[in-house]
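Here is a quick tour for anyone meeting this protein model for the opening time. Have a look at the sequence and the fold, then read on.

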Amino acid sequence: MPVTRHNPKTVPLSGKYTHGVELPPGQRVLYVSGQVGTDAKGKVAAGIEKQCDNVWKNIGTVLKSAGMNYADIVKATVYLTDSRYIGAYRAVRDKYIHDPFPASTLVIVSALASPDMLVEVEVVAAKP
């Protein structure tokens, strides 16, 4: 059985996400820890766009290790350190995430684990 997405017409969408995602019985579920804008050597990239790109590349690598891909993401939680980064974040995300969209939450926080980190994203993915 496929994943069921719930977007009731009486609950407006304000972006590219799904209000609810229901997993059928027997799905494998992968919880990906928050990924930050580091490269393969652990260096934090300069600037929000590069950090966002590294975040989504790192997520893709973790998904691949579980035999999954971006289309298997059912929930994303995004932490940004500044609301001015929302547009840049969404532009980069849109290179990796396509319709049907996962459930998603975006939160503005005062700081992440290191002062040079501008974005962190954790995801949940599911696949039969």
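A word on terms to begin with: strands here are DSSP runs of E with at least two residues, and they are numbered from the N terminus. Gln-35 is found in one of them, strand β3. Keep in mind that this is a predicted model.

**Starting from Gln-35**

Is Gln-35 buried or exposed? With a relative accessibility of 17%, Gln-35 counts as buried, because the cut-off for buried is under 20%. Leaving out residues up to four places away in sequence, Gln-35 touches Val-55, Asn-58 and Ile-59, along with Val-119, Glu-120 and Val-121. Ala-126 is another matter: Gln-35 and Ala-126 sit 91 residues apart in sequence and 18 Å apart in space, going from C-alpha to C-alpha.

**The nonpolar core**

Several of those names come back in the middle of the protein. The largest nonpolar core has 24 residues, and the ones touching the most other members are Trp-56, Ile-59, Leu-63, Tyr-89, Val-119, Val-121 and Val-123. Who supplies this core? At least two residues each come from β3 (28-36), α1 (48-65), β4 (73-80), α2 (86-96) and β6 (119-127). Helix α1 gives the largest share, six residues.

Take Leu-63 as one example. Setting aside its neighbours within four places in sequence, Leu-63 is in contact with Leu-30, Val-32, Met-68, Asn-69, Tyr-70, Ile-73 and Ala-125.

**A closer look at α1**

How well does the length of α1 agree with what a helix should span? Its 18 residues, at 1.5 Å a residue, should span 26 Å, and the end C-alpha atoms are 26 Å apart, so the two agree.

Which residues of α1 are buried? They are Ile-48, Gln-51, Cys-52, Asp-53, Asn-54, Val-55, Trp-56, Asn-58, Ile-59, Gly-60 and Leu-63. These buried residues pack against β3, β4, α2 and β6. Just after the helix, Gly-67 takes a positive phi of about 75°.

Thr-38 belongs in this part of the story too. Thr-38 has its place in the loop between β3 and α1, and it is buried, with a relative accessible area of 17%. Not counting residues up to four places away in sequence, Thr-38 touches Lys-43 and Val-44, plus Asn-54 and Asn-58.

**Salt bridges**

Side chains of opposite charge can pair when their charged atoms come close. How many salt bridges does a search of the whole structure find? It finds five. Here are some of them, with the N to O distance for each pair.

| Pair | Distance (N to O) |
|---|---|
| Lys-16 and Asp-94 | 3.2 Å |
| Asp-53 and Lys-57 | 3.1 Å |
| Arg-84 and Asp-82 | 2.5 Å |

Start with the pair of Lys-16 and Asp-94, whose side chains meet in a salt bridge. Lys-16 lies in the loop between β1 (4-6) and β2 (20-22) while Asp-94 is in helix α2, so the pair ties together parts that are 78 residues apart in sequence. Lys-16 is partly exposed, at a relative accessible area of 41%, and Asp-94 also counts as partly exposed, at 24%. There is a third partner around here: Lys-16, Arg-93 and Asp-94 are linked in a network of salt bridges.

The pair of Asp-53 and Lys-57 stays within one helix. Both lie in α1, four residues apart, which is about one turn of the helix. An α-helix has 3.6 residues a turn, so residues three or four places apart point the same way. Asp-53 is buried, with a relative accessible area of 15%, whereas Lys-57 counts as partly exposed at 44%.

As for Arg-84 and Asp-82, Arg-84 counts as exposed at 71% relative accessibility, but Asp-82 is buried, with a relative accessible area of 15%.

**Two last stops**

On the surface, Leu-23, Val-29 and Tyr-31 make a nonpolar patch of about 300 Å². Val-29 is found in strand β3 and is partly exposed, with a relative accessible area of 37%.

Finally, where is the cis peptide bond? It joins Asp-99 and Pro-100, with omega at about 5°. Pro-100 has its place in the loop between α2 and β5 (103-108).

Methods. Residues are numbered from 1 along each chain as its sequence is written. This is a predicted model: local features need pLDDT of at least 70, side-chain atom pairs count only at pLDDT 80 or more; totals for chains, interfaces and linings use all residues. Side-chain values use heavy atoms; hydrogens and water are left out. A nonpolar core is a set of buried Ala, Val, Leu, Ile, Met, Phe, Trp, Tyr and Cys residues joined through side-chain atoms within 4.5 Å. Buried means under 20% relative accessible area, exposed over 50%, partly exposed in between (1.4 Å probe, protein chains only). Contact means heavy atoms within 4.5 Å. A salt bridge is a side-chain nitrogen of Lys or Arg within 4 Å of a carboxyl oxygen of Asp or Glu. The expected span of a helix is 1.5 Å times one less than its number of residues. Patches are made of residues with over 30% relative accessible area and no salt bridge: like charges are joined within 9 Å, nonpolar side chains (Val, Leu, Ile, Met, Phe, Trp, Tyr) within 5 Å. Accessible areas come from the Shrake-Rupley method with a 1.4 Å probe; for residues, only the protein chains shown count as cover.
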